[in-house]
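This report walks through one protein model, from overall figures to single residues. Keep the structure open while reading.

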Amino acid sequence: MGWDAQNTEAIEFAAWLGRSLPVKVKVLSAVEGTWKKPLSGKKYKRWFRDRAQEFELQAKRVLKAHIPRDQWAKDFAELAERTDVAGSLYSCAADFSADMIVLGSRVKTQKSRFRPSSTADELMHSSPVPLGLAPRGVKLSRKGITRITYALIESSKSAQPRDEGRFSGLPYAATLACVLGVPLRIIAFSPQEQTDDLSLAAEWNESTLGLLDRARDQAYGVASAMGPACADNFDVHAFVASGKGWKRSIDSVKWKKGDLLCMGSQPSDQLKRVFVGSREGEFIRFAPVPVIIHPRGVK
């Protein structure tokens with residue numbers, strides 16, 4: 001978990017996941033020196049050790065307020081230099097064998113909306129593991145995750161939705177729904193960009209409905225592969241959500257405190273990395289619930 005002393009959304013997200021799944025939480029923060037002249041190697045090591053001890057005490061207080069002690073990692077706090085925060089998160093995640101990196105929104109953001117920090121923006125284009133994003137001031141169910149929503153981000157200007165790979169992240173979402181025994185929603189979101197070509201819009205609508213059918217079939221395939229206990233109780237509902245702009249498109253859907261939104265990554269030159277395109281980045285800004293973005297190519 002990336003640490004931000006000014007808000008607790010990321011740690012609340014991690015605690016929320018812990019109500020439904022077995023978790024171990026480790027927090028990482030970055031520190032930057034404020035001295036005017038460079039310190040000697042010995043003085044710098046002493047300064048950094050003191051900062052690390054201060055951070056561990058701070059992290060301990062906040063973790064204690066939100067997360068049961070048995071869900072803390074053995075080494076629950078790590079301090080890094082601010083020269084490369086994203087790189088430090090990657091390194092920490094690799095050493096910890098992390099299943100996810102979790103971050104919160106910028107402080108100056110409307111409630112139930114997400115605005116990425118510079119570090120979050122970098123991870124949204126390069127994270128090697130699933131990336132969890134928590135909106136500002138999000139309210140979460142005490143029961144944990146009660147429903148999974150998988151988002152397809154399409155354009156009403158395009159009569160032909162994207163080709164193979166468009167279901168990136170869907171097996172992850174379906175597996176999570178199966179493991180938790182909660183319903184899965186597959187929603188094709190569209191901001192209803194204006195077009196004068198009615199035949200094009202009709203063709204897009206027909207193509208999108210076919211897309212949803214294939215996505216639903218793939219989700220059922222994941223459930224079947226997990227065995228009868230999962231497949232027999234697997235509940236999938238698929239539909240289109242549209243509105244004038246992403247905000248209205250997203251707000252046209254009913255959201256609950258137990259909802260988790262899953263998305264896949266777009267193709268990029270880096271294999272097995274999260275990559276959020278411009279449409280997806282705009283969409284995430286208005287997501288009212290926690291989001292998990294799954295790297296393309298990672299099972």
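Buried, in this report, means under 20% relative accessible area; exposed means over 50%, and partly exposed covers what lies in between. By that cut-off, both Cys178 and Cys230 are buried. The model is a predicted one.

## Overall figures

The protein has 299 residues, and 48% of them count as buried. Its secondary structure comprises 9 helices and 9 strands. The exposed surface comes to about 15,600 Å², with carbon and sulfur atoms supplying 49% of that area. Contacts reach far along the chain. Among those between residues at least 6 apart in sequence, 79% join residues at least 24 apart.

Confidence comes next. The average pLDDT is 87, and 87% of the residues score at least 70. Over residues 156-165, however, the pLDDT is below 50. That stretch still has 25 contacts in the model beyond near neighbours in sequence. Where pLDDT is low, predicted coordinates should not be read in detail.

## The disulfide and other cysteines

How many disulfides does the structure hold? The count is 1. Its partners are Cys178 and Cys230, with their sulfur atoms 2.2 Å apart. The angle about the S-S bond is -70°, and the link is left-handed. Cys178 sits in helix α5 (residues 170-180) and Cys230 in helix α7 (residues 228-231), so the bond ties together parts that are 52 residues apart in sequence. In general, a disulfide is a covalent bond between the sulfur atoms of two cysteines.

Cys178 is also one of the buried residues of α5. The others in that set are Leu170, Ala173, Ala174, Leu176, Ala177 and Leu180. An α-helix has 3.6 residues a turn, so residues three or four places apart point the same way. Just after α5, Gly181 takes a positive phi of about 70°.

Two further cysteines can be placed by accessibility. Cys92 counts as buried because its relative accessibility is 8%, under the 20% cut-off. Cys262 is buried too, at 1% relative accessibility.

## The seven-stranded sheet

An open sheet of 7 strands runs in the order β3-β4-β9-β8-β5-β6-β7, and its pairing is mixed. Which strands form the edges? They are β3 (101-104) and β7 (236-242), each of which pairs on one side only. On average, neighbouring strands of this sheet are turned by 25° against each other, direction ignored. Strands of a sheet pair through backbone hydrogen bonds, either parallel or antiparallel.

Strand β4 shows both kinds of pairing. With β3 it runs parallel, joined by 4 bridges. With β9 (residues 291-294), β4 (residues 131-134) runs antiparallel, joined by 3 bridges. On the β3 side, Val102 stands opposite Gly132 of β4. On the β9 side, Leu131 has Ile293 as its bridge partner.

The residues of β4 point in two directions. Leu131 and Leu133 point one way, while Gly132 and Ala134 point the other way. Are these four residues buried or exposed? All are buried.

## Loop residues

Three loop residues are worth a look. Gln71 lies in the loop between α2 (41-66) and β2 (72-81). Its relative accessibility is 13%; that is under 20%, so Gln71 counts as buried. What does Gln71 touch, leaving aside its neighbours within four places in sequence? Its contacts are Gly18, Val23, Lys24 and Val25.

Ser97 and Ser112 have backbone angles to check. Ser97 is in the loop between α3 (85-96) and β3. Its phi is near 55°, a positive value in a residue other than glycine. Ser112 is in the loop between β3 and α4 (118-123). Phi of Ser112 is also positive, at about 65°, although Ser112 is not a glycine.

The table lists relative accessibility for loop residues and cysteines.

| Residue | Relative accessibility | Class |
|---|---|---|
| Gln71 | 13% | buried |
| Cys92 | 8% | buried |
| Ser97 | 57% | exposed |
| Ser112 | 26% | partly exposed |
| Cys262 | 1% | buried |

Ser97 is exposed because its 57% is over the 50% cut-off. Ser112, at 26%, falls between the two cut-offs and therefore counts as partly exposed.

Definitions and conventions
Residues numbered from 1 in each chain as written. Predicted model: local features only at pLDDT ≥ 70, side-chain atom pairs only at ≥ 80, totals over all residues. Heavy atoms only, no water. Buried < 20%, exposed > 50% of the residue type's maximum accessible area, 1.4 Å probe, protein only. Contact = heavy atoms within 4.5 Å. Areas by Shrake-Rupley, 256 points an atom, 1.4 Å probe, with all protein chains shown as cover. Disulfide = S-S within 2.5 Å. pLDDT = per-residue confidence, 0-100. Pairing = 2+ DSSP bridges. Axes fitted to C-alpha atoms, helices over the stretch in contact; angles between N-to-C directions.
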